[in-house]
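Visitor: Could you take me through one part of this structure up close, and then show me how the rest is laid out around that part? I'd like to hear it in plain bench talk.

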Amino acid sequence: MNKQATPQKLDLGEIAARLMQASADEIEALTELRDALGQCADESGSTAAPSVKKLVTAAKAKLDGLLSGEAGDAEQALAAAIRLTCLATSPEAVPSPAVGEPELDWSEEAAMLEAASVSAPSLRPGKPTLLPADPDLDLIGEFMTEANEHVVNAEAALLTLEERPDDAAAVNTVFRAFHTVKGVSSMLGMTALAELAHHAESLLARIRDGEIQCTGVYANLCLRGIDLLKETLAAVSAQLKGQDAKLPTGYAELVRELQNPDAAAQQAALPAPPAFAATAPVAAAAPVAVAAPVAVAAAVPALTPTPTAAVAAAPVSAPAPAAAPAPAVARPAADAAAGGDESSVRVRTDRLDRLIDMVGELVIAHSMLAADPRTEVSRDPELSRKVGHAGKIVRELQDMSMSLRMVPLRPTFQKLTRIVRDVAKKSDKLIQFVSTGDDTEIDRNMVDVIAEPLIHMVRNAADHGIESTAARIAAGKSPTGTVRLAAYHSGGSVVIDLSDDGGGLDRDRILAKATQKGLVDANKSLSDNEIYQLIFLPGFSTTENVTDISGRGVGMDVVRRNIEQLKGRIEITSERGKGTVFSIRLPLTLAITDGMIVRVGSERYIIPTVNIAMNFRPEPSQVSTVVGRGEVILLRGELIPLFRLHQLFKVDGAVTETTRGLVVVLRDGVGSCGLLVDELLGQQQVVAKSLGAGIGKVPAVSGGAILGDGRVGLILDPGSLVALAKESRTGRPQPEAARPSISPQPQTMVQA
Amino acid sequence: MSSQISTADQSAALSGKYLTFFLGSEEYGIAILKVREIIGIVPVTPVPGTPSFMQGVINLRGKIIPVIDLRAKFGMPTQAATRETCIIVVRRLDLELGIVVDAVSEVRNVAAAETDAMLDLGGEISAEYFLGISKADGKVRLLLDIDRILSTEDVIELSRR
């Protein structure tokens with residue numbers, strides 16, 4: 001204020017902006033900005049935090065150095081000045097020196113910034129930020145995808161390392177994950193990620209160089225590092241979506257631990273010095289870790305604790321009978337490492353969908369050509385050979401394009417490994433997790449929907465299914481429980497079997513609980529299977545003590561809903577004392593629906609076969625009306641409501657006499673109903689598609705499919721169809737008599 | 001008339017290339033940039049539970065898109081399809097939609113000087129669907145506001161999925 005050297009007073013933000021626009025040789029502009037900084041520094045002395053003043057002064061000093069020609073590299077000096085000024089504009093990003101903490105030396109900071117501008121990983125002190133002020137959204141988006149993949153791989157590799165701490169490939173996978181995240185995130189200015197990854201990488205580098213072993217405390221530290229990385233990534237994506245995200249809790253703490261991992265190791269493994277952890281890894285690990293060697297064949301040492309170097313170095317060779325079927329976790333990780341070399345291209349899913357659409361069209365176009373009378377009638381062997389050849393290519397192309405959407409279940413299963421490990425650790429049980437068939441492929445869109453129920457069920461199996469170690473020994477079983485997950489193809493579907501060798505479902509307890517909650521009639525006799533199905537009812541939970549892991553009575557109903565949403569089924573077999581098997585049967589892909597094509601008047605509709613219980617032509621005696629409106633049908637002593645599809649959809653020219661039509665009995669989760677149609681045209685696999693964004697949600701229709709003649713057929717949604725039918729019945733009397741007088745296309749309401 | 005300047009501005013915004021088509025004897029125009037393609041009439045599958053101007057869905061090379069009957073939308077009497085009946089496929093953001101018209105005419109350059117703002121014709125004529133009127137060559141062509149047609153409340157209501 002004392003001298004008006006600058007035409008107008010600039011605030012720090014403006015100075016920063018101008019500095020960014022200036023180049024190092026624009027002496028005049030820079031001088032002006034330097035003076036402005038000086039002015040700011042003078043003023044801020046009284047008002048702003050002392051750190052701001054320091055930053056501004058440091059920035060001014062940089063510019064001074066530049067202008068006087070003392071700075072070695074003018075560009076670098078300018079860059080440092082810009083960063084210092086930017087920091088000063090957001091004082092909340094600068095830690096105010098807390099009591100007892102030494103004040104940060106900002107000239108050191110400036111020196112560090114210079115170093116940072118040379119070497120990529122910038123580890124400036126100050127609060128790490130999730131995103132820079134001006135994020136490059138494209139690059140960050142790509143980076144997030146990549147980082148998440150790395151995290152998944154690294155997690156799997158770490159679990160392998162628990163089993164075989166000397167697996168160099170696994171160490172490299174983890175190292176690479178942190179390394180890549182560090183490099184890219186610091187380039188993009190995401191300092192929180194960069195810093196975390198940097199320290200984790202340092203730890204991994206020591207493991208890689210053989211200085212320390214990835215066991216016990218170090219292994220836990222690595223896993224926590226991965227977890228934190230995941231959380232931080234999640235926070236970044238939340239912030240990208242415009243939500244207010246913070247650094248995950250425990251960030252600072254873990255970063256500190258990662259910086260000095262030996263301290264933690266020493267604490268846990270007194271008196272064994274951490275450098276020699278390799279010689280006594282089991283002892284070095286905290287007791288909890290020993291109690292839960294999930295999928296680790298070294299489960300036996302936990303009972304006979306002989307932490308010798310021999311056992312540690314080759315835990316796989318330890319005699320663990322139950323581990324024989326499959327070296328569960330080790331293999332996927334090894335595969336993943338090997339698979340990393342396969343070259344791949346990332347393609348946007350909408351392009352993929354479009355390609356599949358086009359191939360579907362090609363199939364139809366070809367079959368129209370092949371079925372054309374001129375092709376058939378000509379009986380020209382040459383022509384039919386050519387058509388046949390084209391048909392082969394088209395079919396192969398179709399198979400190929402369908403397979404593009406398929407992904408292996410492996411990543412899903414890997415997550416589950418982790419869950420079993422955590423549950424075992426928490427509940428102090430010995431559980432071994434065995435998964436087979438994790439290379440079984442399912443539709444990409446189904447993976448996310450199936451992951452949730454699987455997590456829930458695996459958690460249940462580990463928490464409730466497997467008994468406590470003492471109970472197992474008392475029952476004469478192996479102390480180590482087994483949770484087994486097997487995926488395989490069977491008859492055009494994917495089957496996922498989840499089995500445990502725990503106590504099995506308690507038939508009487510389930511029944512008692514269901515009766516107590518009024519979910520079932522106490523006097524009704526139920527088969528075992530019917531009783532097991534009760535656990536899928538909403539609000540059902542038998543476990544006596546609710547743990548923080550599971551047992552809150554929400555869950556199995558959601559599991560069933562998710563599976564049914566995928567047009568799948570779930571079955572239970574259980575034997576008391578021996579264990580339980582949940583069998584999930586899913587279609588290969590959501591895109592293809594197995595459908596029954598029915599005709600009503602001149603329209604054709606597709607009913608998903610999975611919803612059809614049966615169909616039959618009713619006898620006149622089977623159909624009766626209720627209060628003159630509703631119709632019911634008597635089927636094997638059971639009354640089910642009958643709805644007429646032509647009425648619901650207002651289709652003209654359809655069969656109205658029930659005895660001349662056909663009744664399709666639909667079943668969904670709740671009950672069954674009959675649907676009157678004209679006739680069945682046959683069963684067909686159709687590619688389910690959306691009806692297009694413009695038409696919105698159509699009641700009772702889940703989508704459309706292109707039929708063999710190129711026309712669109714509507715796929716019925718039995719659940720909402722029943723709802724619609726009931727609504728039309730309760731809403732108003734069926735306008736059966738009045739209907740013919742209404743014109744087929746009631747005119748629109750264009751009311752201005 | 002009352003606000004000359006704003007009318008001139010509006011007219012300037014209206015200038016550009018238009019695809020013109022017929023509904024009965026009336027000629028309409030759609031800004032060419034909104035048009036994706038024109039196809040001949042194909043079998044339309046009616047969809048129950050939708051407004052009657054929503055004629056149904058069609059198969060556009062493997063993709064299912066809804067089709068609007070513009071006659072029904074404007075409250076004009078429906079007419080059986082002829083050889084000249086066409087579906088104009090328009091796009092707005094990710095929304096693709098077919099519009100059934102009686103016949104497609106031509107692509108014309110509409111100059112700002114030849115256009116007027118939409119008149120308030122009163123009654124049931126829904127002026128909101130139109131950007132303005134072109135009066136070139138002494139003929140009246142109604143310039144369709146396709147965004148408006150696709151985003152009028154009934155469609156918005158429908159596309160909440």
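Guide: Here is a close look at one sheet in chain B, followed by a walk through chain A and the confidence scores.

Keep in mind from the start that this is a predicted model. Let's begin with the sheet in chain B. It is an open sheet of 6 strands, and reading across you get β8-β1-β2-β11-β10-β9 (chain B), with mixed pairing. The edges are taken by β8 (103-110) and β9 of chain B, each of which pairs on one side only. From one strand to the next, the twist averages 35°. As a reminder on what holds such an arrangement together, strands of a sheet pair through backbone hydrogen bonds, either parallel or antiparallel.

Now zoom in on β10(B), which covers residues 130-134. This strand is mostly covered, with 4 of its 5 residues buried. On one flank, β10(B) pairs with strand β9 (residues 115-117) of chain B in the antiparallel sense, over 3 bridges. If you want a spot to click on there, A117(B) stands opposite G132(B). β10(B) also pairs with strand β11 (residues 141-144) of chain B, again in the antiparallel sense, this time over 4 bridges. Two pairs help you find your way along that seam: I133(B) sits opposite L142(B), and F130(B) has L144(B) as its bridge partner. β10(B) and β11(B) form a hairpin with 6 residues between the strands. In that hairpin, look for D137(B), which takes a positive phi near 55°.

How far can you trust chain B? Its mean pLDDT is 79, and 80% of its residues reach 70 or more. Residues 1-5 of chain B are a weak spot, with pLDDT below 50 and 0 contacts beyond near neighbours in sequence. Going element by element, strand β3 (residues 35-40) of chain B has the highest mean pLDDT, at 91, while helix α4 (residues 153-159) of chain B has the lowest, at 45. The low score around that helix covers residues 153-161 of chain B, where pLDDT stays under 50, although the model has 14 contacts there beyond four places in sequence.

On to chain A, which has 752 residues, 38% of them counted as buried. Its secondary structure comes to 27 helices and 18 strands. Take the contacts in chain A with a separation of 6 or more: residues 24 or more positions apart account for 67% of them.

Chain A has an open sheet too, made of 5 strands in the order β16-β8-β9-β18-β17 (chain A), and the pairing is mixed. Its edge strands are β16 (679-687) and β17 (701-706) of chain A; each has a single partner strand, so one side of each is left without a neighbour in the sheet. Ignoring direction, neighbouring strands of this sheet are turned by 35° against each other on average. Further in, strand β9 (residues 603-608) and strand β18 (residues 712-716) of chain A run parallel, joined by 2 bridges. Here I606(A) has I715(A) in β18(A) as its bridge partner.

For a helix pair, go to α17 (residues 349-371) and α19 (residues 381-404) of chain A. They pack at an angle of about 155°, with their axes 10 Å apart. Angles over 145 degrees count as roughly antiparallel, and α17(A) and α19(A) are therefore roughly antiparallel to each other. Their crossing is left-handed. The residues that meet include L355(A), V359(A), L362(A) and H366(A) from α17(A), and V387(A), V394(A), Q398(A) and M402(A) from α19(A).

One loop residue deserves a stop as well: I212(A), between α8 (191-208) and α9 (216-240) of chain A. I212(A) has 23 other C-beta atoms within 10 Å, so this residue is buried. I212(A) and P165(A) are 47 residues apart in sequence, yet 10.0 Å apart in space, C-alpha to C-alpha.

Finally, the scores for chain A and for the model. Chain A has a mean pLDDT of 72, and 74% of its residues reach 70 or more. Over residues 271-341 of chain A, pLDDT stays under 50, and the model has 131 contacts for them beyond four places in sequence. Residues 732-752 of chain A are also below 50, with 25 contacts beyond near neighbours in sequence. The model as such scores ipTM 0.81 and pTM 0.50.

Methods: Residues are numbered from 1 along each chain as its sequence is written. Chains are lettered from A and ligands numbered from 1 in the order in which they are written. This is a predicted model: local features need pLDDT of at least 70, side-chain atom pairs count only at pLDDT 80 or more; totals for chains, interfaces and linings use all residues. A residue is buried if 20 or more other C-beta atoms lie within 10 Å of its own, exposed if 12 or fewer, and partly exposed in between; C-beta atoms are placed from the backbone. pLDDT is the predictor's confidence in each residue, from 0 to 100. Two residues are in contact if their C-beta atoms, placed from the backbone, lie within 7 Å. Two strands pair if DSSP finds at least two bridges between them. Axes are lines fitted to C-alpha atoms, for helices over the stretch in contact, and angles run from 0 to 180 degrees between N-to-C directions. Angles under 35 degrees count as roughly parallel, over 145 as roughly antiparallel, 65 to 115 as roughly perpendicular and the rest as oblique. A crossing is left-handed if the near helix is turned anticlockwise from the far one by less than a right angle, and right-handed if clockwise.
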